[in-house]
Amino acid sequence: MVTLQSKWRFLFMFLGIQLVVMALLSREGYHKRVSYFIRIFRKGEVAGLVRNRTGAALGGGDVYANLSHLSRGHGHADDMPYCPKTSPLIGGPIHVSFPSGLTLAQVERKNPLVVSGGRYRPPDCEARHRTAIIIPHRHREHHLKFLLYYLHPFLQRQQLSYGIYVIHQVGNYTFNRAKLMNVGFREAMREEDWDCLFFHDVDLIPEDDRNLYVCDANPKHAAIAMDKFGYKLPYKMYFGGVSALSPLHYLKMNGFPNNYWGWGGEDDDIGVRVSLAGMFISRPSLKVGRYKMIKHKLDKGNDVNPKRFNMLAKTRQTWKMDGMNTVEYEVVSRDYLPLYTNITVNIGTESGLRPPAPRPAAEKAAAAQNPAAEKAAAQKLAANSSNKLQEKLAVK
């Protein structure tokens, strides 16, 4: 028979067990609720970090952000230490936009360390690389100011010694981009012994300063990922937009062709020349070699070249006979402006640097009567001209 004392003992035990179970359940629920809120908090924190990182990757930062502390003095001591191999000023992705109302005077004020002719040297260290930027140009002043706005700080963040050359084609004859780049190479190298030359379209803005404007062991195609092509390389041998060659590379491939008048074809010809000269095309990664193009219509005087495909088919036969060794031009003016060196040149037409003088009627009639003598005279004149050109190049 169960006594009263035993009943109370069982009752207390039962209540105790209930209390323990309730406490455990309560504790588990508490932890679940706390864990739930902790997970929400962490998820939000991670999402914020992802947003920040994504924003940095997609939107990018201000290209002038890392330059405000640089000294404004232009002194350069002889015992200046070399700049670090990797510049501490590099920031990665850059935000690129095209605000209305930008002026060259504003760009000049933003770049106080750039001196006459668009030259710059790091103020606190000796640059490891000397790079010339060659920009073929005509009727693109609106694009040029945006390129200068972004390109100057972009190069300064890489701690380069650099100069910017704008090669302006005079007159209204059909534009010839490749020939202007040949002119730019020769004129820039006459001024300074540059390590590397970047041939740069005026409408392309770099979007990541990890895309180093220095030369590689082989010719480099820097503009691998343009927004125009969905930030992808359009085809394997593409070499357009922005490319970099050392003087040795340039001479080895005989520079660029001179006979591509109008839009299209010269980039592919240059890519073929790289291969024919026994070199390869190097490229940065798709994430780094990104460029934004300033939208525009095809320029007047730069119509599509209808001969480009036929000319490309003959590159293997023509590349050693048409290039740096045959470029002819006249320098009209050379102006050392605050943000760049402007070299205005006459590059002639498809008929040559100077149009042939009209022949007297009597001479024309004699040539018509004796075509064999006319052909022999023309061949002799061509041979003499070639010999004179070779002598000039040897002197230079």
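This is a chat about the disulfides, salt bridges and a few buried charged residues of a predicted model.

User: Hi! How many disulfides does the structure hold?

Analyst: Hello! There are two disulfides in this predicted model. Counting bonded cysteines along the chain, the pattern is 1-2, 3-4.

User: Nice. Which residue does Cys83 join up with?

Analyst: Cys83 is joined to Cys125, with an S to S distance of 1.9 Å. The link of Cys83 and Cys125 is right-handed, with 85° about the S-S bond. Cys83 sits in the loop between α1 (4-58) and α2 (104-110), while Cys125 sits in the loop between β1 (119-120) and β2 (130-137), so the bond ties together parts 42 residues apart in sequence.

User: Are Cys83 and Cys125 buried or exposed?

Analyst: Both Cys83 and Cys125 are buried.

User: And what about Cys196, which cysteine is its partner?

Analyst: Cys196 forms a disulfide with Cys215, and their sulfur atoms are 2.1 Å apart. The torsion about the S-S bond of Cys196 and Cys215 is about 80°, so that disulfide is right-handed.

User: Where do Cys196 and Cys215 lie?

Analyst: Cys196 is in strand β4 (residues 196-200) and Cys215 is in the loop between β5 (204-206) and β6 (220-221), so this pair ties together parts 19 residues apart in sequence. Cys196 counts as buried, at 2% relative accessibility, whereas Cys215 is partly exposed, with a relative accessible area of 22%.

User: OK, changing topic. How many salt bridges does the count come to?

Analyst: The count comes to 15 salt bridges. As background, side chains of opposite charge can pair when their charged atoms come close.

User: Let's pick one. What does Glu187 form a salt bridge with?

Analyst: Glu187 pairs with Arg334, and the closest N and O atoms are 2.4 Å apart. This salt bridge links distant parts of the chain: Glu187 is in helix α4 (residues 177-191) and Arg334 is in strand β10 (residues 330-336), 147 residues apart.

User: How accessible is each end, starting with Glu187?

Analyst: Glu187 is buried, at 1% relative accessibility. Arg334 counts as partly exposed, at 30% relative accessibility.

User: What about Lys220, which residue is in a salt bridge with it?

Analyst: That would be Asp216, with the closest N and O atoms 3.9 Å apart. The cut-off for a salt bridge is within 4 Å, so this pair is counted. Lys220 is buried at 5% relative accessibility, and Asp216 is partly exposed at 34%.

User: Now Arg273 and Asp269: where do they lie?

Analyst: They both lie in helix α6 (residues 266-276), four residues apart, about one turn of the helix. Their side chains meet in a salt bridge at 2.7 Å, N to O. Arg273 and Asp269 are both buried.

User: Which residues do salt bridges that share partners join into one network?

Analyst: The network is made of Arg119, Glu187, Arg190, Glu191, Glu192 and Arg334.

User: Back to α6. Which of its residues are buried, and what do they pack against?

Analyst: The buried residues in α6 are Glu266, Asp267, Asp269, Ile270, Gly271, Arg273 and Val274. Those buried residues pack against α4, α7 and α8 (315-318). After α6 comes Gly278, which has a positive phi, near 80°.

User: Since α7 came up, what is the nearest side chain of opposite charge to Arg308?

Analyst: Asp268 is the nearest one, 7.0 Å away; Arg308 is buried yet has no salt bridge. The cut-off is within 4 Å, so the Arg308 and Asp268 pair does not count. Arg308 lies in helix α7 (residues 308-312). Leaving aside neighbours within four places in sequence, Arg308 is in contact with Tyr260, Trp263, Gly264 and Gly265.

User: Last one: where is Lys179, and what does it touch?

Analyst: Lys179 is in helix α4, and at 8% relative accessibility Lys179 counts as buried. Not counting residues up to four places away in sequence, Lys179 touches Pro257, Asn258, Val327, Glu328 and Ile347.

User: How far apart in space are Lys179 and Glu266?

Analyst: C-alpha to C-alpha, Lys179 and Glu266 are 9.6 Å apart, with their positions 87 residues apart in sequence.

Conventions
Residues numbered from 1 in each chain as written. Predicted model: local features only at pLDDT ≥ 70, side-chain atom pairs only at ≥ 80, totals over all residues. Heavy atoms only, no water. Disulfide = S-S within 2.5 Å. Helix = DSSP H or I, 4+ residues; strand = E, 2+ residues; numbered from the N terminus. Buried < 20%, exposed > 50% of the residue type's maximum accessible area, 1.4 Å probe, protein only. Lys, Arg positive; Asp, Glu negative; His and termini not counted. Contact = heavy atoms within 4.5 Å.
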